[in-house]
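Colleague: I have this one open on my screen and would like to talk it through with you. Could you take my questions as they come?

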Amino acid sequence: MLSHNHIHLRWLKAHVGYLANEYADQLAKEAITNGDPFFLPKPLSYLKSVIRSAALSIWQDNWDNGETGRTTHDIVPRVSNKPVG
């Protein structure tokens with residue numbers, strides 16, 4: 001936006017007859033009522049966080065319910081991808 005001098009952002013009072021604002025409101029209402037979901041892709045960092053959390057949850061479940069390593073489990077009951085000192 002900084003490289004485009006013809007773009008200006010201004011506050012407008014809503015619903016007072018500004019034609020462009022009324023049109024934007026109409027388009028927004030159509031977007032949420034015509035059955036087409038409004039899709040915003042998630043950033044890669046968010047997806048990595050979700051995958052990491054799910055993997056740790058599965059790992060913890062396997063660690064808690066496993067048949068081996070019970071003595072170690074008593075000492076280190078929580079799994080983590082961070083080094084244990």
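Colleague: To start with the surface, how much area does the chain expose, and what share of it do carbon and sulfur atoms supply?
Modeller: Please keep in mind that this is a predicted model. The chain exposes about 8100 Å², and 61% of that area is supplied by carbon and sulfur atoms.

Colleague: And what percentage of the residues is buried?
Modeller: Of the 85 residues in the chain, 6% are buried.

Colleague: What does the secondary structure come to?
Modeller: The chain has three helices and zero strands, so that the order of elements from the N terminus reads α-α-α.

Colleague: Back to the surface for a moment: which residues form a nonpolar patch there?
Modeller: That patch is made of L44, Y46, L47, V50 and I51, which together have about 490 Å² of accessible area. One of its members, L47, sits in helix α2, which covers residues 44-65.

Colleague: Is L47 buried or exposed, then?
Modeller: Neither label fits, because the relative accessible area of L47 is 38%, and a residue is called buried under 20% and exposed over 50%. L47 is therefore described as partly exposed.

Colleague: Y46 was in that patch too, so what lies over the face of its ring?
Modeller: That is K42, which is placed over the face of Y46 at 5.8 Å from the ring centre.

Colleague: Where else should I look for a charge over a ring, say at W63?
Modeller: At W63 the residue over the face is R70, at 5.3 Å from the ring centre. W63 itself belongs to helix α2.

Colleague: How many aromatic pairs turn up in a search of the whole structure?
Modeller: The search of the whole structure gives zero aromatic pairs.

Colleague: Staying with W63, which residues does it touch once those up to four places away in sequence are not counted?
Modeller: With those set aside, W63 touches T68, G69, R70, T72, H73, V76, P77 and V79. As for H73, its C-alpha atom is separated from that of W63 by 7.5 Å, although the two residues are 10 residues apart along the chain.

Colleague: Where is H73, and what does it contact?
Modeller: H73 is placed in helix α3, which spans residues 70-75. Leaving aside neighbours within four places in sequence, H73 is in contact with W63 and D64.

Colleague: Why does H73 count as buried?
Modeller: H73 counts as buried because its relative accessibility is 15%, and the label applies under 20%.

Colleague: Let me change topic to N21: where is it, and why is it called buried?
Modeller: N21 lies in helix α1, residues 19-33. N21 is called buried because its relative accessible area is 19%, with the cut-off for that label being under 20%. Apart from neighbours within four places in sequence, N21 is in contact with L12, K13, A14 and H15.

Colleague: Last one: what about S57, and how far is its C-alpha atom from that of S80?
Modeller: S57 is in helix α2, and with a relative accessible area of 47% it is partly exposed. The C-alpha atoms of S57 and S80 are separated by 9.9 Å, with the two residues 23 residues apart along the chain.

Note on methods
Residues numbered from 1 in each chain as written. Predicted model: local features only at pLDDT ≥ 70, side-chain atom pairs only at ≥ 80, totals over all residues. Heavy atoms only, no water. Phe/Tyr/Trp six-rings, centres within 6.5 Å; stacked < 30°, edge-to-face > 60°. Lys NZ or Arg CZ within 6 Å of the ring centre and 35° of its normal. Helix = DSSP H or I, 4+ residues; strand = E, 2+ residues; numbered from the N terminus. Buried < 20%, exposed > 50% of the residue type's maximum accessible area, 1.4 Å probe, protein only. Contact = heavy atoms within 4.5 Å. Patch = residues over 30% accessible without salt bridge, like charges linked within 9 Å, V, L, I, M, F, W, Y side chains within 5 Å. Areas by Shrake-Rupley, 256 points an atom, 1.4 Å probe, with all protein chains shown as cover. Salt bridge = Lys/Arg side-chain N within 4 Å of Asp/Glu carboxyl O.
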